[in-house]
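Subject: Structure handover

Hello,

Here is the structure for you to look over. My notes follow below it.

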Amino acid sequence: PTRRHLGVRDRIFFAVLVKNQMADTEVQEQIVRSSGLDWTLIQPVHLHDTTPHAAPFLSSAGETGAMKVSRVAVGQAIGHVVDDPTLSYETVSVSG
């Protein structure tokens, strides 16, 4: 769901440099969706290692805040998603 929110530079990067990985990710996500299990997919934007200054921005509609997110913030987001049953069977974008 974040794909439509990507800038031109990111679209080119994903189309040219990580095309195979993106195709593999889409196959993996389809397997999860059809598994019959309770699932939530997490899609972080550009990861970095700095300390987060705010809570992560979560969206099941693909919107993003800042186009980067710390690994710590992604961990916080996962903790939130686990505790939020309304996010079952959703793909959640995580950004700064």
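Leaving aside neighbours within four places in sequence, which residues is Ala77 in contact with? Pro56, Leu58 and Val94. Bear in mind that this is a predicted model. The rest of the notes set out what surrounds that residue.

Start with the sheet. It is open and has 3 strands, in the order 1-5-3. The pairing is mixed. Strand 1 (40-44) and strand 3 (57-59) are the edge strands. Each has a single partner strand, so one side of each has no neighbour in the sheet. From one strand to the next, the twist averages 25°.

Strand 1 and strand 5 (residues 90-95) run parallel. They are joined by 5 bridges. Within this pair, Pro44 stands opposite Val94 in strand 5.

Now the helix. Helix 3 (residues 71-82) packs on the sheet. It touches strand 1, strand 3 and strand 5. The direction of helix 3 makes about 160° with that of strand 1.

Then the core. The largest nonpolar core has 9 residues. They are Val45, Val69, Ala73, Val74, Ala77, Val81, Leu87, Val92 and Val94. Helix 3 and strand 5 are the elements that give two or more residues to this core. Helix 3 supplies the largest share, 4 residues.

Back to the opening question. Ala77 belongs to this core, as does Val94. Val94 is also one of the contacts of Ala77, and it stands opposite Pro44.

Best wishes

Note on methods. Residues are numbered from 1 along each chain as its sequence is written. This is a predicted model: local features need pLDDT of at least 70, side-chain atom pairs count only at pLDDT 80 or more; totals for chains, interfaces and linings use all residues. Side-chain values use heavy atoms; hydrogens and water are left out. Two strands pair if DSSP finds at least two bridges between them. Axes are lines fitted to C-alpha atoms, for helices over the stretch in contact, and angles run from 0 to 180 degrees between N-to-C directions. Contact means heavy atoms within 4.5 Å. A nonpolar core is a set of buried Ala, Val, Leu, Ile, Met, Phe, Trp, Tyr and Cys residues joined through side-chain atoms within 4.5 Å. Buried means under 20% relative accessible area, exposed over 50%, partly exposed in between (1.4 Å probe, protein chains only).
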